[in-house]
Amino acid sequence: MTDTPAGDTQPLILVVDDYPDAREMYADYLELCGYRVAQAGNGAEALEQVHALRPDVILMDMSLPIMDGWEATRRLKADERTRAIPVVALTGHPPESQGQSAGCDAYVLKPCLPEELTEQVQRVLGQRRAAG
Amino acid sequence: LTSGIILNSAQQSPSEARLELVERLLGCEAPEPCAQAAVEWLAHHTRTRASACLAAMPEHPQRLSVLASHGPARAQWAGLELDDTAHPLAQVLGCHQPGWFPAGCGQPTLPLGQEGFFAVPLGRQASARVGLLLAALPGPELPADVAWLACCLGAQLSRLYESRLLQRLQALSSEFESRLQAVTTELAEQNERLRRQALQLEQACAARSQFLANVSHELRTPLNAMLGYTRMLLQGVSGELNPSQHRSVDRIDSNGRHLLQLINDILDITRIEAGRMPLHLGRFPLPALLREVLAELEPLIARSRLVVSVALAPGLPRLYSDRQKIKRIIINLLSNALKFTPQGSVRVCAEYHPAPGSFTVSVEDTGIGIRPEDQERIFEDFQQVDSSPTRAYGGTGLGLSISRRLAHMLEGRLTLHSAPGQGSTFTLHLPRRMRRP
């Protein structure tokens, strides 16, 4: 198990996945690791949550109903208010070109165990702290 | 030659008689009436007692047969085969000169009766084989009228022969053309059928691989949650498990991972078969790749208690190929070697052969070996030498079939040398530089 992040305001992670069991599994594990967690079931919900909650990291499944993860990420990265929030993409296939990447900050290939995902979250948060 | 005495029964002048014949000959559209006119004219206007006109027809260009005769000629004469060069008449044809056959000679190979006769070739020299005019005469002197008639008849028969030949040629040509047309049409229809079938097959194939891709996505999504929760249980997220619970959950975990591996392998085979497995080509050194493979398999190597060695030929050049795919093939070969070798050693050798410009990476073990009759089968899908559900060795049974497919994708191949109890050597052959697809 990973170390619990220190401080009163622990990082907030938004988990976006349309498959509830997977979404809750990741949420449970991240909470267990000491993070605060919010959830969304599709890209449109994710955008609403991001604007309302300003999470520190977004874990985004890419194949989603209503609005897919690629489109949601593209919109987040086009918006100055949300551009800086790291997006970790959860996908079955890595994108083959930059054009397809939609500006994601990291990729995790599905299927993915909760601890692997949590490692990526820690890595991205570490990069963000180092950057600014 | 004598000028001959002309018997002019119709009270015509000689030139009128000749003119009348020429007109008659020119009016004939077939050889038979021509020949008939000629023998009749001979009977009326010369001292010929019997005559016969022999000619070849385009249908039988190698045989002279009787077109018309007058007087005591052999109507049932079999004809003259032109390749029968020993025949006296053929000899006349061969030397292009009229020949005299005295009375009583050569019977019954000749078509005329008992009297002596002249055989006069018909037609110009080049087409002298058109025919012969036989004229029974009192003596060995050829009358001018007979010679003249042979000349006229020959010219006309040549013309008719040629035009008949032309007609025949035209008929054959149009028959050929219509057959060609039929064949071409048939071919075009077949092409169209094949094109449609190919299109249908392609669509079916694309639909199939899309279906399989969907299926494996659908299968992996719930499996992902199962594996995740299982792993969380094993980590004690919901409290420590007692040893028996831990053993059970551990089995759920290992079977779940096996199932995931199967689904991934099937998806890969589907991608390769559908031509959708992307190639990522680059230039890289082989030794570093082999070191990575050994590092990744370190836990397996340690557990196997085998002596694992690597032999690199000196001065290996860099490869231009797909690094990830080569790594995957070698990992598969090496983990197979570790799996099927109860004791002894496993040796990985890399060599470069400058002449064909190819690399070989071989994995040699001292394991159980493979019988010759099983050596092809193990490259097939879901095959191990023991394919029973209770087989002693784990794995999906898809590793070698994927490796062979990947080797083909990389313009290389995978070969095997083995004997039962003698160990196995799998060799990956790769071109130094892939031609881009």
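Is Ile66(A) buried, partly exposed or exposed, and at what relative accessibility? Here are some notes on this predicted model, starting with that residue.

1. **Ile66(A).** To take the opening question first: Ile66(A) counts as exposed, because its relative accessibility is 74% and the cut-off for that class is over 50%. Its place in chain A is the loop that runs between E3 and helix H3, the latter spanning 69–78. The backbone deserves a look too, since phi of Ile66(A) is positive, near 65°, and the residue is not a glycine.

2. **Arg54(A).** Another non-glycine residue with a positive phi is Arg54(A), where the angle is near 50°. Arg54(A) sits in the chain A loop that links helix H2 (43–53) with strand E3 (57–61). Its relative accessibility of 40% puts Arg54(A) in the partly exposed class. Both residues are easy to find if you follow the loops on either side of E3: Arg54(A) is in the loop between H2 and E3, and Ile66(A) is in the loop between E3 and H3.

3. **Chain A as a whole.** Stepping back from those loops, chain A holds four helices and five strands. Read from the N terminus, their order is β-α-β-α-β-α-β-β-α. Of the 132 residues in the chain, 51% are buried. If you take the contacts in chain A between residues at least 6 apart in sequence, 62% of them join residues at least 24 apart.

4. **Where H1(A) meets H4(B).** Now for a meeting of the two chains. Helix H1 of chain A (residues 20–32) and helix H4 of chain B (residues 144–234) have axes that come within 9 Å and cross at roughly 25°. H1(A) is therefore roughly parallel to H4(B), as angles under 35 degrees are classed that way. The crossing itself is left-handed.

5. **Residues in that contact.** On the H1(A) side you will find Asp21(A), Ala22(A), Glu24(A), Met25(A), Tyr26(A), Asp28(A) and Tyr29(A), and these meet Asn224(B), Ala225(B), Gly228(B), Tyr229(B) and Met232(B) of H4(B). Sorted by class, the contact between H1(A) and H4(B) comprises seven nonpolar, two polar and three charged residues.

6. **Lys327(B).** In chain B, I would pause at Lys327(B), which belongs to helix H8 (residues 323–339). This lysine is buried, because its relative accessible area is 8% and the limit for buried is under 20%. Beyond the neighbours within four places in sequence, Lys327(B) has contacts with Leu289(B), Glu292(B), Val293(B) and Glu296(B).

7. **Glu292(B), one of those partners.** Glu292(B) is part of helix H6 (residues 286–296) in chain B. In contrast to the buried Lys327(B), Glu292(B) counts as partly exposed, at 30% relative accessibility. With neighbours within four places in sequence set aside, Glu292(B) is in contact with Arg323(B) as well as Lys327(B). Glu292(B) and Lys327(B) are 35 residues apart in sequence, and their C-alpha atoms are 8.4 Å apart in space.

8. **Cysteines.** How many disulfides does the structure hold over all chains? The count is zero. Take Cys152(B): its closest cysteine sulfur is in Cys151(B), 6.0 Å away, so the pair is too far apart for a bond. For a disulfide, the sulfur atoms would have to be within 2.5 Å. In chain A, Cys104(A) counts as buried, with 12% relative accessibility.

Key. Residues are numbered from 1 along each chain as its sequence is written. Chains are lettered from A and ligands numbered from 1 in the order in which they are written. This is a predicted model: local features need pLDDT of at least 70, side-chain atom pairs count only at pLDDT 80 or more; totals for chains, interfaces and linings use all residues. Side-chain values use heavy atoms; hydrogens and water are left out. Helices (H or I, at least four residues) and strands (E, at least two) are DSSP runs, numbered from the N terminus. Buried means under 20% relative accessible area, exposed over 50%, partly exposed in between (1.4 Å probe, protein chains only). Contact means heavy atoms within 4.5 Å. Axes are lines fitted to C-alpha atoms, for helices over the stretch in contact, and angles run from 0 to 180 degrees between N-to-C directions. Angles under 35 degrees count as roughly parallel, over 145 as roughly antiparallel, 65 to 115 as roughly perpendicular and the rest as oblique. A crossing is left-handed if the near helix is turned anticlockwise from the far one by less than a right angle, and right-handed if clockwise. Ala, Val, Leu, Ile, Met, Phe, Trp, Tyr, Cys and Pro count as nonpolar, Asp, Glu, Lys and Arg as charged, and the others, Gly among them, as polar.
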